[in-house]
Amino acid sequence: MNSAELFYSFFQKEPTITTSAHGRVNLIGEHTDYNNGFVLPSLIPQSLQVSINLRDDDKIIGISSEFGELQSSISSLNDGTWLDFIRGAIYFCQKLSPTIKGMEVAVSSSIPSGSGLSSSAALEIALLKAITQLKGISIQSQEIAKIGQQIEHQFVGTQCGIMDQIASACGIFGQAIFLDCENLQTKSIPVFLQHSFVIIHSGSTRKLSHGKYNERKNETLKASKILEVPSLRHATIDQLMKIDDPIIKKRAKHIISENDRVIKAVSYLEQDDPISFGELMNSSHQSMRDDYEISSDELNQVVVSANKNGAQGARLTGAGFGGCVVILTKNEELKSVSESILEECSKAYLVATISKELNS
Ligand code: GLA
């Protein structure tokens, strides 16, 4: 059921507006965004839709195809439910249009949640698009993305970077977005012609606000303080010797080396060199497994299986601690590689394919 149908069946009336936003897969550059570094995400076909109606009182009434119905008010405390996103969106939109009050909202989504594919950012972007369009507020996509990030920081509790919101708000299908998180400059680069990115869910999920993510962010901030740089984006590998704490050293090593890999990956994508790009994906996964310690047995198993079955490279995508793997494979081997992985990894399932052929 789409969100407009869900809205109608729950509220017994038509919504005033329906908007949608896509999820993303990150091809390379993990946890670099909150260190002002580089990322290379791309949109996935799955999206999230919201249908809304603004109310004259302070109530928020919500129905979600995945999480069921909830009621609250704009002034209630955050309670860890999906209504925190609604409260956040209303709070920031009130700054642009003070007459906004409560809201009725229906959400339906085909993006697997807690899987590293940015279902949260898609909810923020779809909501912000709906409210701003409805109130005739003219606002640029990047500004919408920045507000989405603030909803995470102030209402959800995840101290995330800006990658997901920029990808969801500004992404173009079939293109990777090279984003410099220091100045928010973007460059769109078409994906490979004869190779595809396959997204396979490992079968394990995680909840982003459950501490580990923020812990990693704090560890990298500590590293930048020790190295006396404004962010790890400005640090180099040979500076690592100045860090004594072995954990902080490993975390910094991942970020510094990952930024370097993104820069190289962008040039391999532009030069149509999938073999070298795939090698970088494998070293990125190793770095996340051993230095950043955000992988899981299920994710590692999918990566091993992908490489064993002829993929060019594979890595976990998104925040980690569960979720999805992105795999680079030749178009003609896409089916056989995916099938072999699904046979070998009992909990895994296919989520999407990003391919120039399929998207054009
Ligand atoms: C989550 C966050 C992003 C980014 C990734 C890891 O998706 O929302 O900002 O940090 O994890 O790369």
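Trainee: What makes aspartate 164 a polar contact of the ligand?

Mentor: Keep in mind that this is a predicted model. In it, a polar side-chain atom of aspartate 164 sits 2.7 Å from a ligand oxygen, and the cut-off for N or O pairs is 3.5 Å, so the pair counts. Glutamate 30 also has a polar side-chain atom by a ligand oxygen, at 2.8 Å. With glycine 161 the atom is a backbone N or O, 2.9 Å from an oxygen of the ligand.

Trainee: How much of the ligand does the protein cover?

Mentor: On its own the ligand has 310 Å² of accessible area, and the protein covers 98% of that. As for location, the ligand sits in the largest pocket.

Trainee: Which residues are around the ligand, and how do they split by class?

Mentor: Among them are Arg24, His31, Tyr34, Met163 and Tyr213. The shell has five nonpolar, three polar and four charged residues.

Trainee: How do you know that cysteine 170 is not in a disulfide?

Mentor: The closest cysteine sulfur is that of cysteine 181, 12 Å away. A disulfide needs the two sulfurs within 2.5 Å, so this pair is too far for a bond. Cysteine 324 is in no disulfide either, with the sulfur of cysteine 345 nearest at 13 Å. Searching the whole structure gives zero disulfides.

Trainee: Why is cysteine 324 called buried, and what is cysteine 170 called?

Mentor: Cysteine 324 has a relative accessible area of 0%, and buried means under 20%, so the word applies. Cysteine 170 comes out at 28%, which lies between the 20% and 50% cut-offs, so cysteine 170 counts as partly exposed.

Definitions and conventions. Residues numbered from 1 in each chain as written. Predicted model: local features only at pLDDT ≥ 70, side-chain atom pairs only at ≥ 80, totals over all residues. Heavy atoms only, no water. Buried < 20%, exposed > 50% of the residue type's maximum accessible area, 1.4 Å probe, protein only. Near = heavy atom within 4 Å. Polar contact = N/O pair within 3.5 Å; in protein donor to acceptor, adjacent residues only side chain to side chain. Areas by Shrake-Rupley, 256 points an atom, 1.4 Å probe, with all protein chains shown as cover. 1 Å grid on protein atoms, 1.4 Å probe; cavity = no way out; pocket = protein on both sides within 12 Å on 5 of 7 lines; lining within 4 Å. Sits in = over half its atoms within 2 Å of the grid points. Nonpolar A, V, L, I, M, F, W, Y, C, P; charged D, E, K, R; others polar.
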